[in-house]
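Good morning, everyone. Please take a look at the sequence and the model on the screen. I will walk you through a few parts of it.

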Amino acid sequence: MNIPIIATIAALWSLVFQQCYVAQARGPVTYVVGDDLGWTLEANPESWTRGKKFYAGDILEFKYDTYEANVVVVEKKDHDDCSVSETSAFYTSGDDKIQLVFGANYFICSDLPNQCAGGMKMAINATSRPPRPLRAH
């Protein structure tokens with residue numbers, strides 16, 4: 001076998017591969033918080049996040065009865081203390097879509113007393129998106 005010919009073929013194949021394939025990022029995914037139960041104590045929001053991989057840009061959809069709940073985006077201290085502050089963002093539509101930012105995201109329910117302390121809160125760490133596997137175009 002002729003080594004220069006094999007090297008040339010390998011180099012050409014590499015060029016063809018690079019030209020025909022591109023990496024594409026995965027688009028945002030929408031998650032309904034609590035699945036069929038929605039944003040409720042029964043859905044156990046803190047455990048609902050387990051086993052899921054969240055990325056910055058993904059969307060959380062909070063579905064709930066507006067007479068029984070709300071959604072508040074809070075800082076870590078407020079999440080831990082089940083409190084709200086001047087930096088908290090309140091959502092009250094009953095079908096709120098909130099896009100995750102890179103890093104820590106904290107959510108609580110502050111509408112009825114003791115809901116947050118009873119477990120109606122969650123913390124999500126949204127990481128950067130991995131590239132999509134290479135595919136032909």
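Which residue in S6 is the bridge partner of Leu60? It is Ile98. Before I go on, a word on what you see. This is a predicted model, where local features need pLDDT of at least 70, side-chain atom pairs count only at pLDDT 80 or more, and totals for chains, interfaces and linings use all residues. Residues are numbered from 1 along each chain as its sequence is written, and side-chain values use heavy atoms, with hydrogens and water left out.

Let's start with the open sheet. Strands here are DSSP runs of E with at least two residues, helices are runs of H or I with at least four, and both are numbered from the N terminus. Two strands pair if DSSP finds at least two bridges between them. The open sheet has 3 strands, in the order S2-S3-S6, and its pairing is mixed. S2, residues 30–32, and S6, residues 95–99, are the edge strands; each has a single partner strand, so one side of each has no neighbour in the sheet. On average, neighbouring strands of this sheet are turned by 20° against each other, direction ignored. That angle is taken between axes, which are lines fitted to C-alpha atoms, for helices over the stretch in contact; angles run from 0 to 180 degrees between N-to-C directions.

Now the pairings. Strands of a sheet pair through backbone hydrogen bonds, either parallel or antiparallel. S2 and S3, residues 59–63, run parallel and are joined by 3 bridges. Val32 has Glu61 as its bridge partner in S3. S3 and S6 run antiparallel, with 5 bridges between them.

Stay with S6 for a moment. In a regular strand the side chains alternate between the two faces of the sheet. Along S6 they do alternate: Asp96 and Ile98 point to one face and are buried, while Asp95, Lys97 and Gln99 point to the other and are not. Buried means under 20% relative accessible area, exposed means over 50%, and partly exposed is in between, with a 1.4 Å probe and protein chains only. Asp95 is partly exposed, at 36%.

Asp95 also brings us to charges. A salt bridge is a side-chain nitrogen of Lys or Arg within 4 Å of a carboxyl oxygen of Asp or Glu. The structure holds 5 of them. One joins Lys97 and Asp95, at 3.7 Å from N to O. These two belong to a network of salt bridges that links Glu61, Lys63, Asp95 and Lys97.

Next, look at helix H3. Lys76 and Asp80 form a salt bridge at 2.7 Å, N to O. Both lie in H3, 4 residues apart, about one turn of the helix. Lys77 and Asp81 form a salt bridge too, with the closest N and O atoms 2.6 Å apart. Lys77 is exposed, at 57% relative accessible area. Asp81 is partly exposed, at 44%.

On to strand S7. How many of its 6 residues are buried? The count is 5, so to speak of S7 as mostly covered is fair. S7 pairs with S4 in the antiparallel sense over 3 bridges. With S8, S7 also pairs in the antiparallel sense, over 6 bridges. Phe107 appears in both pairings: Phe107 is the partner of Val73 in S7, and Met122 is the partner of Phe107 in S8.

Now the cysteines. A disulfide is a pair of cysteine sulfur atoms within 2.5 Å. By this rule there is 1 disulfide. It joins Cys82 to Cys116, S to S 2.2 Å. The torsion about the S-S bond is about -75°, so the disulfide is left-handed. The pair links distant parts of the chain, 34 residues apart. Cys82 is partly exposed, at 27%, whereas Cys116 is buried, at 4%. Cys109 is in no disulfide; the nearest cysteine sulfur, that of Cys116, is 8.0 Å away.

Last stop: Asn70. Asn70 sits in the loop between S3 and S4. Is Asn70 buried or exposed? Buried, because its relative accessibility is 4%. The Asn70 side chain reaches the backbone nitrogen of Ser110 at 2.9 Å. Contact means heavy atoms within 4.5 Å. Leaving aside neighbours within four places in sequence, Asn70 has contacts including Trp39, Tyr64, Phe90 and Cys109.

Conventions
Polar contact = N/O pair within 3.5 Å; in protein donor to acceptor, adjacent residues only side chain to side chain.
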